[in-house]
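Let's take a walk through this fold together. Keep the viewer open and follow along as we go.

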Amino acid sequence: MHKAVKKCPVEEAIRVIGGKWKLLVLRSLLLNGPQRYNELLKTVAAISPKELTRNLRELTTAGLVVRGSGQGLTAQYDLTRLGKGLMPTFKELLTWGKRLAGSH
């Protein structure tokens, strides 16, 4: 019989950054640096304003994104130190994705 893992780091990571939109928001901030809300709407293709707001809130709560000072749409979003720590992982995903795309 297999024992359930009580606190699996992979499950926790998926819970925090899982889903299409969170990964694309993080990618945009990693590649483009701090951005205002409307800039993120443009750089994260096809995301709705409602989805962007929800994902930014969740990423902020998780400690990966910080909302800078400013009112409304003028506030900039940036990665925290924890969020910036994802850069090596994104580089590996990029390399893996290129290999995957080339295998078809």
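Start with what packs over the buried residues of α4: the cover includes the helices α1 (9-17), α2 (20-32) and α3 (37-43), along with the strands β2 (65-67) and β3 (76-79). Bear in mind that this is a predicted model.

Now look at α4 itself, which covers residues 49-61. This helix has 13 residues and reaches 18 Å from its first C-alpha to its last, close to the 18 Å expected at 1.5 Å a residue. Which of its residues are buried? They are L52, N55, L56 and L59. Looking down the axis of α4, you'll see the buried residues fall within an arc of 100°, so they line one face of the helix. Swing round to the other side and you meet K50, R57 and T61, which are exposed. Just after the helix ends, G63 takes a positive phi of about 85°.

Next, on to the strands. β3 is joined to β1 (residues 35-36) by two bridges, and these strands run antiparallel; here Q35 stands opposite Y77. β2 and β3 also run antiparallel, joined by three bridges, with V66 opposite D78. Side chains along β3 alternate: Y77 and L79 point to one face and are buried, whereas Q76 and D78 point to the other and are not.

One last stop is the aromatics. Searching the whole structure turns up zero aromatic pairs. W21 does have a charged companion, though: K20 lies over the face of its ring, 4.6 Å from the ring centre.

Methods. Residues are numbered from 1 along each chain as its sequence is written. This is a predicted model: local features need pLDDT of at least 70, side-chain atom pairs count only at pLDDT 80 or more; totals for chains, interfaces and linings use all residues. Side-chain values use heavy atoms; hydrogens and water are left out. Helices (H or I, at least four residues) and strands (E, at least two) are DSSP runs, numbered from the N terminus. The expected span of a helix is 1.5 Å times one less than its number of residues. Buried means under 20% relative accessible area, exposed over 50%, partly exposed in between (1.4 Å probe, protein chains only). The arc is that of the directions from the helix axis to the C-beta atoms. Contact means heavy atoms within 4.5 Å. Rings of Phe, Tyr and Trp (its six-membered ring) pair if their centres lie within 6.5 Å; planes under 30 degrees apart count as stacked, over 60 as edge-to-face and the rest as tilted. A charge sits over a ring if NZ of Lys or CZ of Arg is within 6 Å of the ring centre and within 35 degrees of the ring normal. Two strands pair if DSSP finds at least two bridges between them.
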